[in-house]
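Take a first walk through this protein. Have the sequence and the model side by side, and follow one element at a time.

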Amino acid sequence: MKKLMSLVIAAASLMVILSGCGKPTLTVSNHHLSANALAVTLKGKSNQKQVDYTVNGGTKQTVKTNSGAFVISVPTKNYQQTVKLSTDGKHQTVTVAKANVIGSYQKMRTTYNQGLTGAALPKKDQQLAQSMAKQGAQLKKEAAELKAGKATSMAAMQAKAQKATALQKQAAELKQTQAKLAPAMKKAKASVKDQLLPANPKDGIHNLIDTNKMTLRVNLSGDKVLGIAMMVPVNNLKHKKDLKPFIMSFSILTNSVGANAKHVLNKFQKAAKAKKSSSTTAPKFHSNGLLFSLGYSTSTLYVFITK
C-alpha cells in the first residue's frame, strides 16, 4: 500500500512538472532601449515558436524564435516608440527612446557634394574656388549690412549708393570668374558622380553611397538626419593611396554635419592606433554636440554619427 501511495505521489509530482513546462513564457532583456544611429536591437526569450509584435500600434509583425530566443530590429525615429509583444496570452512592452536630429539632409547634401566636387578639382582651381567662396560670403555679409544700415543725411545716402554700386560690380566680376571655372567644376562633378549624395532619398534607413571603397548609410525622416553610418573595408586603410580618399571623404562628411573635421580626425587617428584587436570597439568622442563612435570587424571599419 505504501509503495502504491509513493507511485501515486511521484506520478502527481511529474504531472505538475510537465504541466509547468507547457506554460507559455515571454521575457525581454531590457524594457527601455536608448536610440542609436540606425536601429536598436530588442532581445527576448520565449518557449513558443513565434512572437507577435507591433510598433506604435502599427501593423502586426511576427518573429520566429530560435532555441528559445528572438531578436527584433527597430529603426530609431525622432519620437519615442512603444513595442508591444505577445505570444499565447503572454505580453511584454518595450519603449525605444527618440533619436535627436543631427541636422537638415539638404544642407548636409549641399555641403558634402560641394566639398567632394571641390576636392576633385586640380589644385590651382581648388584655390580659385576657395577664394571665390570667401569672396562670395564677404559680399553677402556686406550687402546685408548695407541693407540694414540707415542713411539719414544726403552725404550718407550718397555713400550708401556708391557702396551698393561697388558691391554690384564685385558681384558681376565674381559671376564672370564662376563662369570660367564652370567647365572644370562640371568635369570634377562627373569624376565623383557615384560618390555624391542623392537629391531626394526615401525615408528610413538606406545606403545613399555604395561603392567598393565606402558605404554611407543614413537614417532619415523627411529632411531630418537621425543617424549616419560610414562603412569602409579595412583593406582600404592599409595602403596610403587608399587611405587618402577615405580621410578626404570622412573630413568632408564631418564638416557637412557641423562638426570640427580637424578635431574629429585627430581623435579618430588616435583611436585607430589604440585598437588592439578586431573585436575591440574604440572609445567614443564628441564634436560640436555630435557623437562619433567607432567599431571594427575583421573586414570593416564602422563610423557611427549621432546627436
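Helices and strands here are DSSP runs, numbered from the N terminus. With that numbering, Thr 76 can be placed: it is found in the loop between β6 and β7 (81–87). Keep in mind that this is a predicted model.

Start with the overview. The protein has six helices and 15 strands. Of its 307 residues, 33% count as buried. Now take the contacts between residues at least 6 apart in sequence. Of these, 54% join residues at least 24 apart.

Next come the sheets. Strands of a sheet pair through backbone hydrogen bonds, either parallel or antiparallel. One open sheet has three strands, in the order β1-β3-β6, and the pairing is antiparallel. Which strands stand at the edges? They are β1 (26–28) and β6 (69–75). Each has a single partner strand, so one side of each is left without a neighbour in the sheet. The strands are also turned against their neighbours, by 30° on average with direction ignored.

Look at the two pairings in turn. Three bridges join β1 to strand β3 (residues 39–46), in the antiparallel sense. Here Val 28 stands opposite Gly 44 in β3. On the other side, β3 and β6 run antiparallel and are joined by seven bridges. Thr 41 has Ser 73 of β6 as its bridge partner.

Stay with β6 and look at its side chains. They alternate along the strand. Phe 70, Ile 72 and Val 74 point to one face and are buried. Ala 69, Val 71, Ser 73 and Pro 75 point to the other face and are not buried.

Step past the end of β6 to return to Thr 76. Is this residue buried or exposed? Its relative accessibility is 0%, so Thr 76 counts as buried. What does Thr 76 touch, leaving aside neighbours within four places in sequence? Its contacts include Ala 35, Asn 36, Ala 37, Leu 38, Ala 39 and Val 40. Gln 81, Ala 99, Asn 219 and Leu 226 are also among them.

A second open sheet has five strands. Their order is β2-β8-β7-β4-β5, and the pairing is mixed. The edges are β2 (32–33) and β5 (61–64), each with a single partner strand, so one side of each has no neighbour in the sheet. Strand β4 (residues 50–55) pairs with β5 in the antiparallel sense, over four bridges. In this pair, Val 51 stands opposite Val 63 in β5.

Now turn to the helices. Two packed helices are described by the angle between their axes and the distance between the axes. Take helix α2 (residues 105–119) and helix α5 (residues 240–256). Their axes come within 8 Å and cross at roughly 150°. Angles over 145 degrees count as roughly antiparallel. Therefore α2 and α5 are roughly antiparallel to each other. Their crossing is right-handed.

Which residues make the contact? From α2 come Met 108, Thr 111, Tyr 112, Gly 115, Leu 116 and Ala 119. From α5 come Met 248, Ser 249, Ile 252, Leu 253 and Ser 256. Seven of the contact residues are nonpolar, four are polar and none is charged.

Finish with one residue of that contact. Ser 249 is found in helix α5. Its relative accessible area is 5%, so Ser 249 is buried. Not counting residues up to four places away in sequence, Ser 249 touches Tyr 112, Leu 116, Met 214 and Met 230.

Note on methods
Residues are numbered from 1 along each chain as its sequence is written. This is a predicted model: local features need pLDDT of at least 70, side-chain atom pairs count only at pLDDT 80 or more; totals for chains, interfaces and linings use all residues. Side-chain values use heavy atoms; hydrogens and water are left out. Axes are lines fitted to C-alpha atoms, for helices over the stretch in contact, and angles run from 0 to 180 degrees between N-to-C directions. Helices (H or I, at least four residues) and strands (E, at least two) are DSSP runs, numbered from the N terminus. Angles under 35 degrees count as roughly parallel, over 145 as roughly antiparallel, 65 to 115 as roughly perpendicular and the rest as oblique. A crossing is left-handed if the near helix is turned anticlockwise from the far one by less than a right angle, and right-handed if clockwise. Contact means heavy atoms within 4.5 Å. Ala, Val, Leu, Ile, Met, Phe, Trp, Tyr, Cys and Pro count as nonpolar, Asp, Glu, Lys and Arg as charged, and the others, Gly among them, as polar. Two strands pair if DSSP finds at least two bridges between them. Buried means under 20% relative accessible area, exposed over 50%, partly exposed in between (1.4 Å probe, protein chains only).
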